[in-house]
Amino acid sequence: MRYNRNEIYGRILKNIEIDRDEFNCDYVDERDFSGFLPDDCAYAYGASKFVIIPKHRDYVIKIPFSVQTDREDNGYWEGDDYIEDYGPFIPFSGAVYPIEGTTGWDYCRAEAEYYKLASAAGLGQFFAKTKFIGKMRGFPIYVQEKCEMYKDVCLHHTIAEREDTLKRASSLTNSYMALNLSHDFLIELMKNVDLHKIDELFNFIEKYNITDLRSYNYGFRIKDHSPVFTDYSSYDD
């Protein structure tokens with residue numbers, strides 16, 4: 001992942017205004033960010049973060065949402081179900097920062113810390129590299145290596161390949177984790193990798209309670225098409 005901090009702050013982010021109290025999923029819904037980004041940048045967003053996608057770079061820029069609020073009419077959580085379950089506050093403040101053992105609202109920070117721990121454990125190859133690069137008007141900014149989402153990739157594996165992979169996966173300590181992944185992605189994940197290393201991966205995921213690993217949250221690196229988890233902050237929407 002090659003990024004230029006000056007380019008990110010001076011060209012890509014220079015026209016974006018972030019208000020910590022308003023930068024939330026409602027705010028992004030209502031505002032057209034395309035008018036504030038260079039022409040060669042796209043954007044996307046989920047429940048816990050906003051993502052800027054430079055088209056000709058090997059990274060994306062992630063900005064976490066700060067959306068805990070006492071507004072009962074928040075547009076993202078329609079109806080009264082969340083009020084009954086959580087009270088008037090949206091449960092966005094449960095990001096776990098595993099290095100410090102604390103919690104907060106910054107799910108991108110959680111992701112960066114999980115990556116650092118995975119790398120230290122020799123498992124960085126399975127997670128898209130995520131790095132904190134600084135703040136803009138007090139708001140944290142992160143970069144992550146660019147990947148193609150699994151849902152956008154067409155994979156073709158034979159019945160024999162699937163059966164063999166599922167047989168290998170069933171012998172893992174945490175086989176239920178592996179078998180909950182798309183079987184086609186699992187084939188790619190386990191291809192040319194020692195089964196012991198895969199066991200270490202799923203033991204790591206269990207140890208740190210990394211959740212929400214569904215098809216929207218994993219894919220393949222652009223640079224070498226290796227399979228990785230791309231959104232592993234554990235915000236479960």
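# A guided tour of the predicted model

In the protein chain, residues 24 or more positions apart account for 58% of the contacts with a separation of 6 or more. The structure on display is a predicted model. Displayed as a cartoon, the protein chain shows eight helices and 10 strands. Of its 237 residues, 49% count as buried.

**First stop: the five-stranded sheet**

Select strands S1, S2, S3, S7 and S6, which form an open sheet in that order, with antiparallel pairing. At its edges are strand S1, residues 41–45, and strand S6, residues 130–136, each of which pairs on one side only. Neighbouring strands of this sheet are turned against each other by 25 degrees on average, direction ignored.

Next, restrict the selection to S6 and to strand S7, residues 139–145. Six bridges hold this pair in the antiparallel sense. Within the pair, Thr130 stands opposite Gln144 of S7.

Two helices may now be added to the view. Helix H1, residues 5–12, lies across S1, strand S2 (49–54), strand S3 (59–64), S6 and S7. The helix runs at about 50 degrees to S6. Helix H4, residues 107–120, also packs on the sheet, where H4 touches S2, S3, S6 and S7. The direction of H4 makes about 130 degrees with that of S3.

**Second stop: two residues of the sheet**

Select Lys62, which lies in strand S3. Is this lysine, Lys62, buried or exposed? Lys62 has a relative accessible area of 5% and counts as buried because that value is under 20%. The side chain of Lys62 makes a polar contact with the side chain of Gln144, at 3.3 Å. Beyond four places away in sequence, the residues that Lys62 touches include Phe50, Cys108, Glu111, Tyr142, Thr230 and Asp231.

Move then to Val143, found in strand S7. Val143 is buried, with a relative accessible area of 0%. A useful distance to display is the one from Val143 to Thr130: the two are 13 residues apart in sequence, and their C-alpha atoms are 5.8 Å apart in space. Among the residues that Val143 touches, leaving aside those up to four places away in sequence, are Met1, Tyr3, Ile8, Tyr59, Ile61, Lys129 and Ile133.

**Third stop: aromatic rings**

Show the side chains of Phe, Tyr and Trp. The count comes to 15 aromatic pairs. One of them joins Tyr43 and Phe50, whose rings are tilted, with 5.6 Å centre to centre and 45 degrees between the planes. Tyr43 is partly exposed, with a relative accessible area of 28%, whereas Phe50 is buried, with a value of 0%.

Another pair to select is Phe127 with Tyr232, in an edge-to-face arrangement: the centres are 4.9 Å apart and the planes form an angle of 70 degrees. Which parts of the chain does this pair tie together? Phe127 lies in the loop between H4 and S6, and Tyr232 in the segment after strand S10 (227–229), so the pair links parts that are 105 residues apart in sequence. Both Phe127 and Tyr232 are buried.

Widen the selection to Tyr114, Phe127, Tyr150, Phe185, Phe204, Tyr208, Tyr218, Phe220, Phe229 and Tyr232, which form one aromatic cluster. A separate selection of Arg109 and Tyr97 shows the charged end of Arg109 over the ring of Tyr97, 3.9 Å from its centre.

**Last stop: the three-stranded sheet**

Select S8, S9 and S10, which form an open sheet in the order S8-S9-S10, with antiparallel pairing. Strand S8 (147–149) and S10 stand at the edges, and each has a single partner strand, so one side of each is left without a neighbour in the sheet. From one strand to the next, the twist averages 45 degrees.

S8 and strand S9, residues 218–221, run antiparallel and are joined by three bridges. Which residue in S9 is the bridge partner of Glu148? The partner is Phe220, a residue that is also listed in the aromatic cluster.

To finish, add helix H7, residues 183–190, which packs on this sheet and touches S9 and S10. The direction of H7 makes about 110 degrees with that of S10.

Methods:
Residues numbered from 1 in each chain as written. Predicted model: local features only at pLDDT ≥ 70, side-chain atom pairs only at ≥ 80, totals over all residues. Heavy atoms only, no water. Pairing = 2+ DSSP bridges. Helix = DSSP H or I, 4+ residues; strand = E, 2+ residues; numbered from the N terminus. Axes fitted to C-alpha atoms, helices over the stretch in contact; angles between N-to-C directions. Contact = heavy atoms within 4.5 Å. Buried < 20%, exposed > 50% of the residue type's maximum accessible area, 1.4 Å probe, protein only. Polar contact = N/O pair within 3.5 Å; in protein donor to acceptor, adjacent residues only side chain to side chain. Phe/Tyr/Trp six-rings, centres within 6.5 Å; stacked < 30°, edge-to-face > 60°. Lys NZ or Arg CZ within 6 Å of the ring centre and 35° of its normal.
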